[in-house]
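I opened this entry to keep track of what I looked up, and in what order. The topics are the cysteines, the nonpolar cores, one strand residue and a few backbone oddities.

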Amino acid sequence: MADIVNPGNDGDLQAQIEEVEALSSIYGDEWCVIDEASRIFCIKISADLEEPKLTACLQIILPPDYPSAAPPIYQINAVWLRGPERAKLANSLEDIYVEHAGESILYLWVEKVRDFLIEKSQNSETVEEPEKVNMTAEKDVDDDDEDIPDLSSLRLNTENVHLFLEQANDEELPPIKHGNPITDRRSTFQPHLAPVVTPRQVKMVLEKLYENKKIASATHNIYAYRIYCEDKHSFLQDCEDDGETAAGGRLLHLLQILDVRNVMVVVSRWFGGILLGPDRFKHINNCARNILVEEGYTASTDEATKSGLKTKRPKGKKTK
C-alpha cells in the first residue's frame with residue numbers, strides 16, 4: 001500500500017504540475033487553464049473529435065492535498081446530461097477515484113467521460129424525424145409548463161460544494177440582454193446575449209433564462225459561447241443544438257467569423273407548425289448577429305464590409 005503523504009505538501013503540488021503539463025500536451029486546445037493560482041482547469045470533451053456532435057465541459061479544482069488525500073472537485077457542464085445518466089457518470093468517476101486513491105486520476109476521468117459520450121452517441125443514433133408542432137409553445141406563456149427542463153441537475157457532483165463556491169463566489173450572474181424577435185410563418189426567433197468569462201457563468205445564464213416560462217417553453221433554445229483563455233491565447237468554446245440539428249454549430253461558426261470573445265448568445269425558437277427548411281438557420285444567425293451589433297460586439301454589416309470586424313472585450317469578474 002502506498003504511503004500517505006501530508007496534505008498539501010510539496011509532493012502534491014509537484015504531482016499536480018506534472019499532471020497538468022501532461023494533460024495540456026495530450027489534449028492541446030481542449031485543455032484550458034481558468035485560474036492557475038487557484039488550480040482551476042477546464043477541458044472540453046467530445047464523443048468524436050472529427051465531428052463533435054455530443055460534448056461536455058469538465059471543470060476541475062485541484063485541492064492542495066490532491067492526489068495524496070483528496071479527490072479533485074469537479075462539475076460537468078452539459079445541459080443534456082440529467083437525472084440517472086448524470087448519477088451514473090458521477091458514480092463511475094467516484095469508482096475510479098476509490099480504485100486509484102492517492103494517484104493522479106484526471107486522465108482516467110477525462111477518458112471515462114469520453115467513453116460515456118461515445119456510448120450515448122452510438123445509442124442515440126436514429127433516423128431524424130421531421131419537426132413536429134410543439135403545442136406547449138402555442139399556450140399562454142403564463143400557463144404552467146410541465147416540459148420545462150430539469151436544470152437542478154446542473155449541480156456540482158461532490159459533497160465538497162462549499163470548496164468550489166469558495167473559489168468562485170466572486171462570480172456574479174452576467175447581465176442578460178434580450179433582442180428583437182423575428183417571426184416567419186408563425187415561427188418566432190428571439191436572441192439573448194450575456195458576457196461570460198467562465199463556464200460557470202454560462203451555466204448561470206442558462207439557469208436564469210429557464211426561469212422565464214416563455215423561454216423555457218420554446219421548442220429550441222440554441223446557444224453558443226466563446227471564452228478567451230489568455231494563458232494559451234486560445235478559445236474555450238462550445239455550442240448546443242437543443243434539438244435543432246446543426247443549429248448550434250452554425251451559431252458558433254458565426255461567433256468565430258465575427259471574432260467575438262467572452263460572450264454567449266442564445267436563440268429561442270417557438271415553432272409555429274410550418275416547416276421553414278434552411279430559412280430557420282438564416283433567422284437564427286440573423287437574430288444572433290443583430291444582438292451582437294446592438295450590444296457593440298461587432299460592427300454593423302455595412303461597417304464590417306468597409307472597415308473589417310471589430311470586437312468588444314466586455315469586463316467581467318474572473319474566478320480567483
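I note at the outset that the model is predicted. I began with helix 1, which covers residues 10–27 and contains Ile26. Looking at the surface around that residue, I found that Ile26 contributes, with Tyr107 and Leu108, to a nonpolar patch of about 270 Å².

Cysteines. I searched for disulfides and found one in the structure: Cys32 is joined to Cys229, with an S to S distance of 2.1 Å. The torsion about this S-S bond is about -105°, so I recorded the disulfide as left-handed. Because Cys32 sits in strand 1 (residues 31–35) and Cys229 in strand 8 (residues 220–229), the pair ties together parts that are 197 residues apart in sequence. I then asked whether these two cysteines are buried or exposed; both Cys32 and Cys229 turned out to be buried. I also checked Cys42, which counts as buried because its relative accessibility is 0%, and Cys287, which counts as buried at 1%.

Nonpolar cores. Which residues have the most contacts inside the largest nonpolar core? This core has 32 residues, and I listed Trp31, Leu58, Ile76, Trp80, Leu106, Trp109 and Leu117 as those with the most contacts inside it. At least two of its residues come from each of helix 1, strand 1, strand 2 (40–46), strand 3 (55–61), strand 4 (73–77), helix 2 (83–99) and helix 3 (106–123). Helix 3 gives the most, with six residues. I took Ile76 as an example and, leaving aside its neighbours within four places in sequence, found it in contact with Ala56, Cys57, Leu58, Leu81, Arg86, Leu89 and Leu93. Apart from the largest core lies another, of 22 residues, and I noted Ala247, Val267, Ile284 and Ile291 among them.

Ile227. I returned to strand 8, where Ile227 lies, and with a relative accessibility of 2% this residue counts as buried. Not counting residues up to four places away in sequence, I found that Ile227 touches Val196, Val197, Thr198, Pro199, Val202, Ser234, Phe235, Leu236 and Asn262. For one of these, Thr198, I looked up the C-alpha separation from Ile227, which is 7.0 Å for two residues 29 apart along the chain.

Backbone. Most residues other than glycine have a negative phi, and most peptide bonds are trans, so I went through the exceptions one by one. Where does a cis peptide bond occur? I found one joining Tyr66 and Pro67, with omega about 10°, and Pro67 lies in the loop between strand 3 and strand 4.

Arg185 is not a glycine, yet its phi is positive, at about 50°. I placed Arg185 in the loop between strand 6 (182–184) and strand 7 (187–195), and at 36% relative accessibility it counts as partly exposed. Asp242 likewise has a positive phi, near 50°, in a residue other than glycine. I located Asp242 in the loop between strand 9 (234–240) and helix 7 (247–258), and its relative accessible area of 26% makes it partly exposed.

Terms used. Residues are numbered from 1 along each chain as its sequence is written. This is a predicted model: local features need pLDDT of at least 70, side-chain atom pairs count only at pLDDT 80 or more; totals for chains, interfaces and linings use all residues. Side-chain values use heavy atoms; hydrogens and water are left out. A disulfide is a pair of cysteine sulfur atoms within 2.5 Å. Helices (H or I, at least four residues) and strands (E, at least two) are DSSP runs, numbered from the N terminus. Buried means under 20% relative accessible area, exposed over 50%, partly exposed in between (1.4 Å probe, protein chains only). Patches are made of residues with over 30% relative accessible area and no salt bridge: like charges are joined within 9 Å, nonpolar side chains (Val, Leu, Ile, Met, Phe, Trp, Tyr) within 5 Å. Accessible areas come from the Shrake-Rupley method with a 1.4 Å probe; for residues, only the protein chains shown count as cover. A salt bridge is a side-chain nitrogen of Lys or Arg within 4 Å of a carboxyl oxygen of Asp or Glu. A nonpolar core is a set of buried Ala, Val, Leu, Ile, Met, Phe, Trp, Tyr and Cys residues joined through side-chain atoms within 4.5 Å. Contact means heavy atoms within 4.5 Å.
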